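Work through the exercises below with the structure open beside you. Try each task before reading its solution.

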Amino acid sequence: MFDYIISEEAKNIKEEVRAFVREEIPHTLIKKMDKEEINYPIEYLQKLGKHNLIGLRFPKEFGGRGLNWECEVVALEEVGVLGSSLPCLYSLPIITGEAMNMFGTKEQKLNYLKPMCEGKKYTAEALTEPRGGSDFFGATCTAVKKGDSYILNGEKRFVVGAEGADFFLVYAKTNLDPKADPRSALSLFIVDRCEGVETEYIYGLLGTRGGGAGRLKFENVKVPQENIIMGEGKGGQIFYQMMVPERLTTAAGSLGSARTCLHIATKYSTKRKAFGQTIKNFQAINFKIADSITLLDAARSIVLNTAKTIDNGAPSALQRRLVSESKKFSTKSCWKIINNAMQIMGGIGYTTVYPIERILRDSRIGELWTGTTEIMNLIIQHEYYKELLSEKWLDRDVEKDAIDADHEEEKHFG
Ligand SMILES: Cc1cc2nc3c(=O)[nH]c(=O)nc-3n(C[C@H](O)[C@H](O)[C@H](O)COP(=O)(O)OP(=O)(O)OC[C@H]3O[C@@H](n4cnc5c(N)ncnc54)[C@H](O)[C@@H]3O)c2cc1C
């Protein structure tokens, strides 16, 4: 049904990315990454760059295609068929590119955004610290101004591309006064892999392998002042904008993973026999298919509607609520769909004969990274309360439809 509501441009990009995913990604790449024989697939990023598929929304002069979020989410669903590691590496330029494109200087765009979109420079986002990822404003990395540079110290962990990336977007405190407002104490820096930047540990992961996720240590790293994005104290403001690509990329990518597992399980159910008949005929099986396709259509709907709402200029608070709802609903639904697929397949679905087990391991990250589901809820309720309580009430006063509505003495609020 979605082909009837997306634009021609989005349909074209969907076909283009689908063909790329089908023809240009060797099966061996995915297997080797899952077996951790490859820790950072540079050729994949180079290929994406050559096909001009990185950072579709960014202006053509900086290596993108000048497309919109609708096209981006449609493309992401296609890449999501690959699991979560390759889609994550596809998403990182969308995420770090947002900061550079919206808030960066022309030099930053030419030196980092453009080569990144061309598949010539590799990027990573270094936000999470060992002390915690959810409490963004509690960051403890510091950047102290010294002459024409900042001296960066501290640690970040779980950084995809800690091994492999050429440059990192790093949030660090520039106002070290403990009484300073945390929202204006942080700044965002583009940090090249250079002296003092060490990858200290590469994590063993349940899934999402081969992306070089590790812990980074910054020890007296000299960052030129021209690599600060938007100026001192603007990290918080940039972070609020970064929530959009962070969450929408995960929400959209998850759809591809769930879709492909549902396809495999549905086809399997038409072939596999038990008790003398194909398992498709058991209501316990075909109702799982029904539940799964309903969830998938609903998840895609919220993702696509969010993308279009943003494209049509929704205010940033509404964007933050919608991307959080999309990520929460899509990752939860897709996890359920992938589990349903495994259940339909029986024991063979749990083995490495089929890819469901890998995609299931991969997809578990969806509710954890780029903000956990709990943090999504925190934002959704916060933005909704603010929205509702500040709005002029235009609806009918339905409270007055209650038979005893005039019993004001019964309306106690504590
Ligand atoms: C494979 C992988 C890749 C990742 N890639 C990156 C990356 O490239 N760059 C990057 O910067 N980070 C990355 N992350 C980090 C990820 O975004 C964080 O792990 C995530 O944001 C949670 O932070 P945390 O692990 O420190 O958990 P914590 O913040 O310690 O949270 C622990 C638990 O407490 C809950 N919690 C915390 N605060 C609240 C609250 N106020 N209300 C309710 N519940 C709360 C959380 O939901 C969670 O369940 C990655 C993580 C993994 C595992």
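**Domains and overall form**

The domain assignment divides the protein chain into domain 1 (2-121), domain 2 (126-232) and domain 3 (236-390). The model is predicted.

**Exercise 1.** Determine how domain 2 and domain 3 are placed relative to each other, and what class of residues domain 2 presents to domain 3.

*Solution.* Step 1: take the C-alpha centres of domain 2 and domain 3, which lie 30 Å apart. Step 2: list the contacts, in which twelve residues of domain 2 meet ten residues of domain 3. Step 3: sort the domain 2 side by class, which gives seven nonpolar, four polar and one charged residues.

**Exercise 2.** Decide whether the radius of gyration of the protein chain agrees or disagrees with that of a compact globule.

*Solution.* Step 1: the protein chain has 414 residues, so a compact globule would have a radius of gyration near 22 Å. Step 2: the value for the protein chain is 23 Å, which agrees. Step 3: add the spans of the C-alpha trace along its principal axes, about 80 × 70 × 40 Å. Step 4: add the share of buried residues, 47% of the 414.

**Exercise 3.** Count the helices and strands, and find what share of the contacts between residues at least 6 apart in sequence join residues at least 24 apart.

*Solution.* Step 1: the protein chain holds eleven helices and ten strands. Step 2: of the contacts between residues at least 6 apart in sequence, 76% join residues at least 24 apart.

**The ligand**

**Exercise 4.** Describe the shell around the ligand and explain where the ligand lies with respect to the domains.

*Solution.* Step 1: 23 residues surround the ligand, and the closest are Leu 127, Gly 133, Ser 134, Thr 372 and Glu 374. Step 2: by class, the shell has 13 nonpolar, eight polar and two charged residues. Step 3: β1 (123-126), β3 (149-159) and α11 (373-390) each supply at least two residues of the shell. Step 4: both domain 2 and domain 3 give residues to the shell, so the ligand lies between them.

**Buried parts**

**Exercise 5.** For helices α4 and α10, find how many residues are buried and what covers them.

*Solution.* Step 1: in α4 (residues 69-79), eleven of the eleven residues are buried. The buried residues of α4 include Trp 69, Glu 70 and Cys 71. Step 2: the cover over α4 includes α1 (8-23), α5, α7 and α8 (283-311). Step 3: in α10 (residues 356-363), six of the eight residues are buried, namely Ile 356, Arg 358, Ile 359, Leu 360, Asp 362 and Ser 363. Step 4: the cover over α10 includes α2 (27-34), α5 (85-103), α7 (235-269) and α9 (316-345).

**Exercise 6.** Identify the members of the largest nonpolar core that touch the most other members, then list the contacts of Leu 152.

*Solution.* Step 1: the core has 105 residues, and those touching the most other members are Leu 152, Phe 168, Val 170, Phe 189 and Val 191. Step 2: α7 gives the largest share of this core, 13 residues. Step 3: leave aside the neighbours of Leu 152 within four places in sequence; its contacts are then Cys 141, Ala 143, Val 170, Ala 172, Phe 189, Val 191, Phe 218, Val 221 and Val 223.

**A loop residue**

**Exercise 7.** Locate Thr 105 and classify its exposure.

*Solution.* Step 1: Thr 105 sits in the loop between α5 and α6 (106-117). Step 2: 14 other C-beta atoms lie within 10 Å, so Thr 105 is partly exposed.

Note on methods
Residues numbered from 1 in each chain as written. Predicted model: local features only at pLDDT ≥ 70, side-chain atom pairs only at ≥ 80, totals over all residues. Near = placed C-beta within 6 Å. Helix = DSSP H or I, 4+ residues; strand = E, 2+ residues; numbered from the N terminus. Nonpolar A, V, L, I, M, F, W, Y, C, P; charged D, E, K, R; others polar. Domains from an automatic or database assignment. Buried ≥ 20, exposed ≤ 12 C-beta atoms within 10 Å, placed from the backbone. Contact = placed C-beta atoms within 7 Å. Core = buried A, V, L, I, M, F, W, Y, C linked by C-beta atoms within 7 Å. Rg over C-alpha atoms; globule rule 2.2 N^0.38 Å.
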